[in-house]
Amino acid sequence: MTAYVSHTTFDAENAYALSEWWKRVLGYTDMPGDPNEPGDEQCMILDPTSGHRLLFVEGKYGPNEVKNRVHLDLGSREGKRDEEIERICRLDATVIADRRGERGPGTGWVTFADPEGNEFCVVRSPAEM
């Protein structure tokens, strides 16, 4: 007997706003029959391709002051890493560290923070491996 990952949960100051931002980044949608609305304290979004879900839960957490111990690593579904990095920059993600090329040409990643300070990375796409 084993467990599985049901969904990934983010503590949020504004669950709705953060879920909407991540929908633009990932191309996720609201759960069928359960649309997210402004003021909702819990907002779940769904990857229509894989079925993976992200849940955003409001609470009184305050700003993220330390590095996340767990984070998402994102790769481009269709393009290259650097194209995805440019797209995410246009969505107002904050660059924390640019580690591209540190281990040779074409290697590395960029670490970002979402609007509430949750860190995530953009890595090379499978086509670039």
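**Group meeting: arginine 81, the aromatic cluster and other local features**

The side chains of arginine 81 and aspartate 82 are joined by a polar contact of 2.9 Å. I begin with that pair, and I should say at once that the model is predicted.

Arginine 81 lies in helix H2, which covers residues 81-90. Is this arginine buried or exposed? With a relative accessible area of 6%, arginine 81 is buried, because the cut-off for that class is under 20%. Its surroundings come from several places in the chain. Setting aside neighbours within four places in sequence, arginine 81 is in contact with Arg100, Gly106, Thr107, Gly108 and Trp109. The list of contacts of arginine 81 also includes Val122, Val123, Arg124 and Glu128.

Helix H2 appears again at the second largest pocket, which holds about 320 Å³ of space. This pocket is lined by 15 residues, and the closest to its centre are Val25, Leu26, Gly75, Ser76 and Arg77. Three elements give two or more residues to the lining of the second largest pocket: H1, strand E5 (72-74) and H2. Which of the elements gives the most to that lining? The answer is H2, with 3 residues.

I turn now to the aromatic residues. There are 6 aromatic pairs in the structure. One of them joins tryptophan 22 and phenylalanine 120, whose rings are 4.9 Å apart, centre to centre. The planes of these two rings stand at 65° to each other, and the pair is classed as edge-to-face because the angle is over 60 degrees. Where in the chain do the two partners sit? Tryptophan 22 belongs to helix H1 (residues 15-26) and phenylalanine 120 to strand E8 (residues 119-122), so that the pair links distant parts of the chain, 98 residues apart. Both partners are buried: tryptophan 22 has a relative accessible area of 1%, and phenylalanine 120 has 0%. Beyond this one pair, ring pairs link Phe10, Trp21, Trp22, Phe56, Phe112 and Phe120 into a cluster.

The next topic is the cysteines. How many disulfides does the model contain? The count is 0. Cysteine 89, for instance, is in no disulfide, and the nearest cysteine sulfur, that of cysteine 121, is 13 Å away. For a disulfide, the two sulfur atoms would have to lie within 2.5 Å. The accessibility of cysteine 89 is 35%, which means that this residue counts as partly exposed. Cysteine 43, by contrast, is buried, at 0% relative accessibility.

Finally, I would draw attention to two loop positions. Aspartate 92 is placed in the loop between H2 and E6. The phi angle of aspartate 92 is near 70°, a positive value in a residue other than glycine. Aspartate 92 is also exposed, with a relative accessible area of 62%.

The second position is glycine 104, in the loop between strand E6 (94-98) and strand E7 (110-113). Glycine 104 is partly exposed, with a relative accessible area of 23%. How far apart are glycine 104 and tyrosine 16 in space, C-alpha to C-alpha? The distance is 40 Å, and the two residues are 88 residues apart in sequence.

Notes. Residues are numbered from 1 along each chain as its sequence is written. This is a predicted model: local features need pLDDT of at least 70, side-chain atom pairs count only at pLDDT 80 or more; totals for chains, interfaces and linings use all residues. Side-chain values use heavy atoms; hydrogens and water are left out. Rings of Phe, Tyr and Trp (its six-membered ring) pair if their centres lie within 6.5 Å; planes under 30 degrees apart count as stacked, over 60 as edge-to-face and the rest as tilted. Helices (H or I, at least four residues) and strands (E, at least two) are DSSP runs, numbered from the N terminus. Buried means under 20% relative accessible area, exposed over 50%, partly exposed in between (1.4 Å probe, protein chains only). A polar contact is a pair of N or O atoms within 3.5 Å; within protein, one must be able to donate a hydrogen and the other to accept it, and residues adjacent in sequence count only if both atoms are side-chain atoms. Contact means heavy atoms within 4.5 Å. On a 1 Å grid over the protein atoms alone, a cavity is a set of points where a 1.4 Å probe fits but cannot get out, and a pocket is an open set with protein on both sides within 12 Å along at least five of seven lines; lining residues have an atom within 4 Å of a point. Grid points are joined across faces, edges and corners, and a volume is the space filled by probe spheres set on the points.
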